[in-house]
Structures are given as C-alpha cells and as structure tokens.
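User: Please take a close look at one part of this model, the annotated binding site and the loop that contributes to it. Set it against the rest of the fold.

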Amino acid sequence: MLTFIGLGLYDERSITVEGQEALRAAERVYAEFYTSELIGTTIEDLESHHDIEIEVRDRAGVEQHPEDMLEAAATEDVAFLTAGDTMISTTHVDLRLRAHDRGIETQVIHGVTAQTATSALTGLQNYRFGKATTLPFPYAHGADGLPASVTETIDANRADGLHTVVYLDIKIGHERTDEDEYMTADVGAELLADEYPDLVGVVVARAGSPDPLVEAGTMTELADREFGDPLHLLVVPGECHLLEADALEELAGADRDSLDIA
C-alpha cells in the first residue's frame with residue numbers, strides 16, 4: 001500500500017486525525033518539501049511528534065528515481081507526505097499512477113490547502129476563484145517583466161469577474177543559494193505593480209498558523225509594507241458580491257471604493 005498524506009499548512013499538528021493514524025501505522029515514511037513546506041515545524045519535530053522516521057526526497061528522488069519507494073510499497077505499508085493536500089501537485093499524481101502500473105494499492109488522505117484557507121480567511125467565495133498562477137523569482141524565469149503565464153491568468157480571470165490566487169515562488173535546496181528562499185508578499189506586489197500599480201491585492205500570510213494575516217491594498221501600497229514570516233500569497237479580487245466586499249473591508253481593511261462590486 002502507498003498512502004499519500006497531506007500534512008496541512010503549518011506544523012506537526014496540522015494533519016487530520018485520519019492522516020495521523022495512517023502515518024503512525026506506516027512501516028516506512030517518505031516526504032517531499034520542494035513543492036511547499038511546513039514553516040511552523042522541522043523534520044525532527046515531525047518525527048518526534050508522530051514517533052516515526054522520515055526520509056526526505058528531493059525533486060529528482062520523487063520524479064525521476066522513485067523506484068525504491070515503489071518497491072517498498074509493493075511489500076510494505078508506505079506513507080508519502082507533503083505539505084497542504086497531497087494531490088495538488090502533478091508530481092504526486094504521476095507517482096500514484098506509477099504505483100497503479102505496478103499493481104500497488106494506493107489511498108489518499110487529504111489535508112487543508114492554501115486555496116481553501118485563503119477563501120476562508122478573506123471571505124471570498126471559493127466557487128468564484130478562477131485559475132491560479134505562480135509568480136516566480138525574476139532569475140527563475142529569465143525574462144524581463146512579468147511572465148505571460150501570470151498576466152494572462154490575471155487578465156482572463158478579471159475579464160470573467162473571477163478572483164485569482166497568485167502563489168509566490170519557493171526555492172528549496174536551490175543551487176543559487178545555500179538557504180531556502182521564500183518570495184514575500186511585498187516583493188510579489190512590487191513585481192506586479194510594474195504592470196498593475198493600482199490593482200487591489202490581498203495578502204494572506206501564514207495561513208493555518210496561530211497568527212495568520214490578511215491585508216488589502218493596491219499593489220503599489222502593498223509593495224511598501226512588511227508582512228512578517230512566510231509563507232505568503234496574494235489574491236487579486238475579481239467582481240465582488242456585497243458579502244465579499246463586506247468581508248474584505250472588515251477582515252482585510254480594504255478600501256470599499258476600490259473594489260469592483262457586483
């Protein structure tokens with residue numbers, strides 16, 4: 001059995017009860033934290049809290065060389081851990097399909113995602129979000145200005161009246177630096193302000209933690225503020241229902257006059 005378990009958003013306690021039970025029952029545990037990370041804990045704390053040993057895999061170890069994990073899952077109960085929900089990344093779907101090709105049974109135990117937490121914290125309705133996009137560090141995409149993938153997504157969603165989640169780049173174990181890099185919301189807003197200086201954005205910081213932050217402003221305004229420890233993301237509101245506008249005004253300090261209200 002290969003069980004994919006989402007760890008939730010923040011620390012070793014963010015996992016569901018079902019996930020915790022499956023994790024503690026596993027004979028072998030693997031994890032990856034290159035797609036996202038639990039900022040409120042460490043590998044050592046995860047191991048201690050759940051009384052397990054974790055083998056952390058890098059991208060190549062999951063995407064290119066998963067054979068040892070699959071071989072283990074053929075004869076043992078193996079858990080594969082990720083932050084958030086375990087099936088958000090296509091990497092993990094691919095690993096599950098490889099297991100099926102070998103006749104290995106799989107199951108998925110979900111965790112809270114940044115998308116659902118963002119909807120809850122901002123008051124923007126989940127069904128009114130369009131396609132999400134990721135804003136990379138400028139050195140990562142190697143071009144001037146914003147990538148077309150970002151601008152086209154924001155523009156298309158706004159044309160349809162939909163909200164956009166803009167995930168901010170994370171570099172874990174990147175060759176450019178000895179330390180992990182997390183794009184902060186002020187940096188993301190500064191990049192977006194080159195194209196959209198007066199566009200309203202909403203910062204969501206540390207979702208799932210004891211001290212989440214939600215703060216609205218134009219991209220130019222957000223670029224001059226600080227939002228504390230990561231992880232951060234940005235939301236670009238589309239057309240807001242009255243209740244959504246009320247929520248952004250009350251929960252994020254948005255200027256109601258700056259919102260597009262249906």
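Analyst: Of the 262 residues of this protein, 49% count as buried. The model is a predicted one, and its secondary structure comes to 11 helices and 12 strands. The radius of gyration is 19 Å, close to the 18 Å that the globule rule gives for 262 residues, so the protein is as compact as a globular protein of that length. The C-alpha trace spans about 60 × 40 × 30 Å along its principal axes. Among contacts with a separation of 6 or more, 70% are between residues 24 or more positions apart.

The site itself comes from a record: in an unreviewed UniProt entry, the annotation "binding site" covers Leu9, Asp85, Ile88, Thr113, Ala114, Leu168, Ala207 and His232. Asp85 can be followed in detail. This residue is in the loop between strand E4 (78-82) and helix H5 (90-101). Asp85 counts as buried because its relative accessibility is 10%, under the 20% cut-off. Leaving aside neighbours within four places in sequence, Asp85 is in contact with Gly6, His110, Gly111, Val112 and Thr113. Thr113, one of these partners, is also covered by the annotation.

Two other annotated positions lead to backbone features. Ala207 is in the annotation, and the residue numbered before it, Arg206, has a positive phi of about 60° although it is not a glycine. Arg206 is found in the loop between strand E10 (200-205) and strand E11 (213-218), and is buried, with a relative accessible area of 11%. His232 is annotated too. Strand E12 (232-236) follows the loop that holds Leu231, and a cis peptide bond with omega of about 5° joins Pro230 and Leu231. Most residues other than glycine have a negative phi, and most peptide bonds are trans.

For comparison, Asp51 also has a positive phi, near 55°. Asp51 is in the loop between helix H2 (43-50) and strand E3 (54-56), but counts as exposed, at 72% relative accessibility.

Another buried loop residue is Arg128, with a relative accessible area of 12%, in the loop between helix H6 (114-122) and strand E6 (133-135). Beyond its neighbours within four places in sequence, Arg128 is in contact with Gly161, Leu162, His163, Glu239, His241 and Glu244.

Over the protein, the mean positions of the 16 positive and 53 negative charges are 4 Å apart. The exposed area is about 12,600 Å², of which carbon and sulfur atoms supply 45%.

Definitions and conventions
Residues are numbered from 1 along each chain as its sequence is written. This is a predicted model: local features need pLDDT of at least 70, side-chain atom pairs count only at pLDDT 80 or more; totals for chains, interfaces and linings use all residues. Side-chain values use heavy atoms; hydrogens and water are left out. Helices (H or I, at least four residues) and strands (E, at least two) are DSSP runs, numbered from the N terminus. The radius of gyration is taken over C-alpha atoms; the globule rule is 2.2 Å times the number of residues to the power 0.38. Buried means under 20% relative accessible area, exposed over 50%, partly exposed in between (1.4 Å probe, protein chains only). Contact means heavy atoms within 4.5 Å. Accessible areas come from the Shrake-Rupley method with a 1.4 Å probe; for residues, only the protein chains shown count as cover. Lys and Arg count as positive and Asp and Glu as negative; His and the chain ends are not counted. The place of a charge is taken as NZ of Lys, CZ of Arg, CG of Asp or CD of Glu. UniProt positions are given in the numbering used here, feature names are shortened, and annotations may be inferred rather than shown by experiment.
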